[in-house]
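Let's take a friendly walk through a protein together. Have a look at the sequence and the 3D view, and then we will go from single residues to the whole chain.

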Amino acid sequence: ISPQLKSLFAFSLSGGPNRFSYRDQYGFSKRRRYSSFSRLTGLSKLDGELSEWSISTLIGAGRLDRGEPGPEPLSIPGRQSDQRARFLSLTIRSPHWLIGDAHFRLKLHQSLLSLRYLFREENPLWQSQQNAESDFQDLRILSSAALSCQWSSVTASLYTEISETSATVNERDVTRWQGAVSPRLKWALSPYFDWRAAYRLDLNNERNPQSVPTSSLEWHTLGIRPWRIWLGGSLVWRDPGFDERYLNGPGLIPNPNLKPEKGHWAELGMRKSHKWRWRRLSLKLSTSFKLFSQRYQQLIIYVPIDPYRLRAENLTGAHLNGVESKLNLSLRRGQLKGGLDLVVSRIKHEMLEAPRSPL
């Protein structure tokens, strides 16, 4: 390994009472209790080079203890969830190969994610479940490869991935494998305009293959800190998670018959950054603003099936219109760096098929 070896270690500790407010199905403002949480996460990264190949390893772990207040409008004491995660990944990038006037590069990635959810209930409700404890384990393995080619004003890439998810729920083993083939294209139409397009063929052993196209057009100025304005659109497609299909926790009822979400998405946004230096201090300010709209023909949402239990169900149709503004402020002096992120958003959600009492 060359002397270019770099390492990083970070951890985060957070927690609080989290007594958040909500509006019930009758329009009255209420406040949930018994929803305190504590979260501890750690991350370690190591980067190096070997014969001009770059190698990155990432190891992470986290634990979240959270109170589970129960279905709306109940706040039930003694309900806790213990969620643990472990993550390991390896990424290898090749040097740039020059063939004629084209530059080629290969990227290989392998990752392993292990999740465990443990729900406890001191006084289980008679309609909630028979046992006071429920365990859910989830193991995900992902292998991917990407080959990119840059020639003149065109950058083309081919991305493939194969993943396998296996879970153990209430002593029952379930497995899902997924695959995807995605060609991507970036074309610099002029010094100011870029056009991006992608096509994803999504494969799954639980359903038929699905095609997901994406396209965007971006205008930008020249210079180190350019203005960027983009307009993009895509299909929306999401498979139901194993937790939505199989997790049987306090007040949660699994729904193995869930179908994927599908719809359309469009976005218009702009981004700008500024940077100032004063002696040894470096200050950077980045701002962005976007308008977005989503139209669902079918979506997944948790709804109450009685006063005690929730279940994820498919609903027909929903409209989401929103605006989002982000501000990032970072300050650096030598090896010391700090930052502040501020996000403000407003979303209008209209259901075409209203559930009895959506969360």
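Let's begin at Arg311. If you set aside its neighbours within four places in sequence, Arg311 is in contact with Ile253, Pro254, Asn255, Ile301, Tyr302, Val303 and Ile305. Before going on, please keep in mind that this is a predicted model, and that the values below are computed from it.

One of those partners deserves another look. Along the sequence, Arg311 and Asn255 are 56 residues apart, while in space their C-alpha atoms are 6.7 Å apart. Try finding both residues in the sequence and then in the 3D view. Arg311 itself belongs to strand E18, which runs over residues 310-315. Its side chain also makes a polar contact, at 3.0 Å, with the side chain of Glu313.

Is Arg311 buried, exposed or partly exposed? Its relative accessibility is 28%, so Arg311 counts as partly exposed. To be called buried, a residue would have to be under 20%.

Now move to Ser56, which sits in strand E5, residues 53-67. Ser56 has a relative accessible area of 14%, and because the limit for buried is under 20%, this serine is buried. Which side chain does the side chain of Ser56 meet in a polar contact? The partner is the side chain of Asp47, at 2.8 Å. Asp47 also appears among the contacts of Ser56 beyond four places in sequence, together with Leu46, Ser89, Leu90, Thr91 and Arg93.

Next, let's look at empty space. Rolling a probe the size of a water molecule over the atoms shows where empty space is left. The structure holds one cavity of 30 Å³ or more, and the volume of the largest cavity is about 30 Å³. Its lining is made by Asp243, Glu244, Leu247, Leu252, Ile253, Pro254 and Tyr302. Helix H1 (242-246) and strand E15 (252-253) are the elements that give two or more residues to this lining. Sorted by class, the lining of the largest cavity has five nonpolar residues, two charged ones and no polar ones. You have met some of these names already: Ile253, Pro254 and Tyr302 line the largest cavity, and they are also among the contacts of Arg311.

The largest pocket is another place to explore, with about 630 Å³ of space. How many residues line the largest pocket? There are 30, and Glu161, Ser163, Gln178, Arg200 and Asp202 are the ones that lie nearest its centre. Several elements each supply at least two lining residues, including strand E8 (102-121), strand E10 (154-169), strand E14 (228-238) and H1. Strand E9 gives the largest share of the pocket lining, five residues. By class, the lining of the largest pocket has 13 nonpolar, seven polar and ten charged residues.

Finally, step back to see the whole protein. It has one helix and 20 strands. Its C-alpha trace spans about 70 × 50 × 45 Å along the principal axes. Of the 359 residues in the protein, 31% are buried, and Ser56 is one of the buried residues. Among contacts with a separation of 6 or more, 57% are between residues 24 or more positions apart. The accessible surface comes to about 22500 Å², and carbon and sulfur atoms account for 57% of that surface.

Key: Residues are numbered from 1 along each chain as its sequence is written. This is a predicted model: local features need pLDDT of at least 70, side-chain atom pairs count only at pLDDT 80 or more; totals for chains, interfaces and linings use all residues. Side-chain values use heavy atoms; hydrogens and water are left out. Helices (H or I, at least four residues) and strands (E, at least two) are DSSP runs, numbered from the N terminus. Buried means under 20% relative accessible area, exposed over 50%, partly exposed in between (1.4 Å probe, protein chains only). A polar contact is a pair of N or O atoms within 3.5 Å; within protein, one must be able to donate a hydrogen and the other to accept it, and residues adjacent in sequence count only if both atoms are side-chain atoms. Contact means heavy atoms within 4.5 Å. On a 1 Å grid over the protein atoms alone, a cavity is a set of points where a 1.4 Å probe fits but cannot get out, and a pocket is an open set with protein on both sides within 12 Å along at least five of seven lines; lining residues have an atom within 4 Å of a point. Grid points are joined across faces, edges and corners, and a volume is the space filled by probe spheres set on the points. Ala, Val, Leu, Ile, Met, Phe, Trp, Tyr, Cys and Pro count as nonpolar, Asp, Glu, Lys and Arg as charged, and the others, Gly among them, as polar. Accessible areas come from the Shrake-Rupley method with a 1.4 Å probe; for residues, only the protein chains shown count as cover.
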